[in-house]
Structures are given as structure tokens and as C-alpha cells.
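I opened my notebook to look up a few things in this structure, one entry at a time. Here is what I wrote down.

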Amino acid sequence: IANGTIEDPTDGALMHAVLLLGQLGRAEATDALLEILRQDQGFLDYHFGDQAPEQIIPALALSAESDLTPLVKYLYEPGMISYARSSAAEALAMILWNHPERREEIMEIYRELLKSMVERLPEKKGCDSHFASSVIDDLAGLRASELLPEIKAVYDTGFVDEFMAGDYTEVESELRKAEMPEKPWYYVRPDIRRQYEKVLKDSGLSH
């Protein structure tokens with residue numbers, strides 16, 4: 001560390017901090033994790049490479065589940081890159097996958113977010129087509145049929161990336177399926193030993 005910055009990404013300081021903060025599962029960690037997501041794409045690539053989502057999303061979900069307020073506020077902050085904002089929204093989805101009893105509470109958060117997109121999307125006010133499509137894709141997996149009117153209104157803006165999320169007919173069909181799919185593996189609460197095994201494997205250091 002020199003001049004208060006981390007110069008060498010190979011020391012993995014931020015990566016280790018994120019993995020450990022996730023295991024602690026303390027609400028106090030949420031702000032620190034969100035501060036990482038407030039950085040630009042170059043910063044995230046430099047310190048995490050392509051492992052950022054699988055490390056930051058679970059850590060954020062575990063820290064924020066006892067107090068969603070900071071996470072929800074972040075979803076509306078201006079100036080955030082879409083990739084990072086989508087990661088925060090996906091952390092919300094992970095919380096719901098692991099706490100289905102909180103469905104009504106979390107769906108209301110999504111409802112307000114979708115309503116805001118109708119006005120925010122055309123002017124790109126803290127929201128773009130990638131973010132909207134990512135949220136809709138998460139909701140399709142959650143079979144959020146209760147939000148169909150709000151999702152339709154977002155599609156009606158013409159700013160949903162249909163290549164990413166599918167067109168409205170496809171999404172509606174997915175949402176109306178009666179059975180929930182099996183929980184995606186990446187929403188399973190992480191075991192830190194397995195996380196480090198993967199880190200070592202991906203870095204070519206495991207044997």
C-alpha cells in the first residue's frame with residue numbers, strides 16, 4: 001500500500017476482505033461492500049477480474065439481509081455503473097431465494113423500483129436498459145407474477161434490452177409458471193473453504 005491505495009492487485013486484499021465480510025454476515029459490512037460497488041469498472045476489473053459477481057453478490061446479500069435500507073438506497077444512487085448496480089439488485093434476489101418468507105416485503109421493494117424505472121429509463125437517471133433487463137431477468141427466475149403490470153410498464157418504455165431479458169411475451173410466460181425452479185447454485189449460501197478453493201483454481205495456484 002502506498003499513498004493510501006492498493007497498487008498490486010495480486011495481493012488480493014480487497015478480495016479477501018469481501019470473502020471475510022460475507023462470512024461475518026454483519027449489517028455493518030454493507031456500506032463497505034457498497035463502497036466497492038461505487039468504484040468504476042476499471043477498479044473492479046483490477047482487483048477482482050471476472051470473479052467480482054460471485055464474490056461481492058453473496059457477501060452483500062449476507063450482510064444486508066438484516067437491514068435492506070442501504071442496499072435499496074444504492075439502487076437509486078446516480079452515477080453508478082450498470083454492472084455494479086445490477087450486482088446489488090441481484091443480492092436482493094439472493095436474499096429472497098434464501099428467505100422465501102420475506103417475499104411480500106422484497107417484492108414491494110421491486111415494485112417501487114420498477115415503477116421508478118418508467119420515468120428514469122428514458123432519461124437514464126441512474127438506470128439504463130442493461131439494469132432494467134437484469135432486474136427483469138432476476139424476477140423471471142423468481143416467478144414474480146405479482147409484478148406483471150409493473151414489468152409490462154417498463155417494457156412499454158421501449159428501453160428494455162430484449163436480447164438480454166427476452167421480449168415481454170417470453171417473460172410473461174416465464175413469470176406465470178406455477179412451479180419455482182430449483183435454487184440457482186450461485187444463490188446458495190457460500191462456504192468460505194469452497195470459495196477459496198475456487199479462487200485458487202481460477203488463479204492457477206491449486207494442484
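**Entry 1: a cavity**

Which residues line the second largest cavity? I looked them up in this model, which is predicted, and found A61, L62, E65, M94, I95, N98 and R189. Two elements each give two or more residues to that lining: helix 4 (52–64) and helix 6 (82–98). Helix 6 gives the most, with 3 residues. I also sorted the lining by character, and it divides into 4 nonpolar, 1 polar and 2 charged residues.

How much space lies inside this second largest cavity? I noted about 30 Å³. My search of the whole structure turned up 2 cavities of 30 Å³ or more. I jotted down a reminder of the idea behind such a search: rolling a probe the size of a water molecule over the atoms shows where empty space is left.

**Entry 2: helix 4**

Since helix 4 had come up in the lining, I stayed with it for a while. Is helix 4 mostly covered or mostly uncovered? I found it mostly covered, with 11 of its 13 residues buried. Among the buried ones are A61 and L62, two names I already had from the cavity lining. P58 is also one of the buried residues in helix 4.

Next I checked the length of helix 4. At 1.5 Å a residue, its 13 residues should span 18 Å, and the end C-alpha atoms are 17 Å apart, which agrees.

**Entry 3: aromatic pairs**

How many aromatic pairs are there? I counted 2. In one of them, the rings of W97 and Y187 have their centres 6.3 Å apart and their planes at 25 degrees, so the pair is stacked. This pair links distant parts of the chain, 90 residues apart: W97 sits in helix 6, and Y187 in the loop between helix 11 (168–175) and helix 12 (192–203). W97 is buried at 11% relative accessible area, and Y187 is buried at 4%.

The rings of Y155 and Y168 have their centres 5.6 Å apart, with planes at 70 degrees, so I wrote this pair down as edge-to-face. Y155 is in helix 9 and Y168 in helix 11, so the pair ties together parts 13 residues apart in sequence. Y155 counts as buried at 9% relative accessibility, and Y168 counts as buried at 16%.

**Entry 4: positive phi**

A reminder to myself first: most residues other than glycine have a negative phi. K124 has a positive value, near 55 degrees, and is not a glycine. R143 is not a glycine either, and its phi is positive at about 55 degrees.

Where does each one lie? K124 is in the loop between helix 7 (103–123) and helix 8 (129–141), while R143 is in the loop between helix 8 and helix 9 (148–155). Is K124 buried or exposed? K124 is exposed, because its relative accessible area is 62% and the exposed label applies over 50%. R143 counts as buried, because its relative accessibility is 11% and the limit is under 20%.

**Entry 5: G126**

I then moved along to G126, also found in the loop between helix 7 and helix 8. G126 counts as buried at 12% relative accessibility. What does G126 touch, leaving out residues up to four places away in sequence? I listed L75, E77, P78, R85 and R120. My last note for G126 was a distance: its C-alpha atom is separated by 6.8 Å from that of M80, which is 46 residues apart from it along the chain.

Definitions and conventions
Residues numbered from 1 in each chain as written. Predicted model: local features only at pLDDT ≥ 70, side-chain atom pairs only at ≥ 80, totals over all residues. Heavy atoms only, no water. 1 Å grid on protein atoms, 1.4 Å probe; cavity = no way out; pocket = protein on both sides within 12 Å on 5 of 7 lines; lining within 4 Å. Points joined across faces, edges and corners; volume = space filled by probe spheres on them. Helix = DSSP H or I, 4+ residues; strand = E, 2+ residues; numbered from the N terminus. Nonpolar A, V, L, I, M, F, W, Y, C, P; charged D, E, K, R; others polar. Buried < 20%, exposed > 50% of the residue type's maximum accessible area, 1.4 Å probe, protein only. Expected span 1.5 Å × (residues − 1). Contact = heavy atoms within 4.5 Å. Phe/Tyr/Trp six-rings, centres within 6.5 Å; stacked < 30°, edge-to-face > 60°.
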